[in-house]
Amino acid sequence: MPEGQHIPDHVSENIEAVLAMRAKSERRLRCDQRAVEAATGIIGRPVTLYVLFAAVALWVAYNLWQRANGGHPFDPPPFLWLQGVIALYAATMTTIILTTQNRQNKDAERNAHLELQVNLQAEQRTAKIIALLEELRRDLPNVRDRVDPLAEALQEIVPPNAVDSALDHTLNPHSGRKSLAPARDSLPSRED
């Protein structure tokens, strides 16, 4: 961090909370899952591709050299043993990567649920703040009392299942229902 800049305490606390959640997730891993993820980390590096190409090239070159010099290649063309080794490597690599992705998907789903909870709480708090501001505006004698349809609409707390249902109907064109996207002219305007 550059000198002279200070990170606010609440930002540091949030970073620490995220790191603590990640550490907790890592502690819950079984030994076999840790081994699989370590293998995924090794397989996922560019050097693995170079080693694979070099090994295949050496395998083919050695067997062709043996054949050309009258020797007995252990895997003559069409290199059936090489094909078997590569097929086994591909199956193993695919399984290792899928195992890692399954765990990462579970973590991502858990994080999405946490994010949804935070967003729902933020929406409820925002609606409460708007309601309190509107109440304050009505009570202050030096502020003109008026009806603000947008502020009234924003005070309503929308149940998550209603939003989910509305999204289903909007995204499913065969549901026989109208789209929920309002026309620009139908949006409430703010009056000053």
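**Exercise 1. Describe the overall fold of the protein.**

Read along the sequence, the pattern of the protein is α-α-α-α-α-α, with six helices and zero strands in all. Helices (H or I, at least four residues) and strands (E, at least two) are taken here as DSSP runs, numbered from the N terminus. The model is a predicted one, in which local features need pLDDT of at least 70 and side-chain atom pairs count only at pLDDT 80 or more, while totals for chains, interfaces and linings use all residues. Residues are numbered from 1 along each chain as its sequence is written, and side-chain values use heavy atoms, with hydrogens and water left out.

**Exercise 2. State how much of the protein is buried, and describe its surface and contacts.**

Begin with the cut-offs: a residue is buried under 20% relative accessible area, exposed over 50%, and partly exposed in between (1.4 Å probe, protein chains only). By this rule, 12% of the 192 residues of the protein count as buried. Next, take the accessible surface, which comes from the Shrake-Rupley method with a 1.4 Å probe; for the protein it is about 15500 Å², and 62% of it belongs to carbon and sulfur atoms. Finally, turn to contacts, meaning heavy atoms within 4.5 Å: among those between residues at least 6 apart in sequence, 55% join residues at least 24 apart.

**Exercise 3. Check whether the span of helix α4 agrees with its number of residues, and find what covers its buried residues.**

The expected span of a helix is 1.5 Å times one less than its number of residues. Helix α4 (residues 80-139) has 60 residues and should therefore span 88 Å, and its end C-alpha atoms are 86 Å apart, which agrees. The buried residues of α4 include Leu82, Ile96, Ala127 and Ile130, and also charged-pair members treated below, among them Arg103 and Glu134. The cover over the buried residues of α4 includes α1 (9-27), α2 (31-43), α3 (46-68) and α5 (149-155).

**Exercise 4. Which side chains does glutamate 37 or glutamate 134 meet in a salt bridge, and are the partners buried or exposed?**

Side chains of opposite charge can pair when their charged atoms come close. The rule used here asks for a side-chain nitrogen of Lys or Arg within 4 Å of a carboxyl oxygen of Asp or Glu, and it gives a count of five salt bridges.

1. Glutamate 37 meets arginine 103 at 2.4 Å, N to O. This pair links distant parts of the chain, since glutamate 37 is in helix α2 and arginine 103 in helix α4, 66 residues apart. Glutamate 37 is buried at 17% relative accessibility, and arginine 103 is buried at 13%.
2. Glutamate 134 meets arginine 137, also at 2.4 Å, N to O. Both lie in helix α4, three residues apart, about one turn of the helix. Glutamate 134 is buried at 9% relative accessibility, and arginine 137 is buried at 11%.

**Exercise 5. Describe the setting of the salt bridge between aspartate 32 and arginine 30.**

The side chains of aspartate 32 and arginine 30 meet at 2.9 Å, N to O. Aspartate 32 is partly exposed, with a relative accessible area of 42%, whereas arginine 30 is exposed at 56%.

**Exercise 6. Which residues are linked with Arg103 in a network of salt bridges, and which of them does serine 25 touch?**

The network links Glu26, Glu37, Arg103 and Asp107. Serine 25 lies in helix α1 and is buried at 9% relative accessibility. Leaving out residues up to four places away in sequence, serine 25 touches Arg103 and Asp107.
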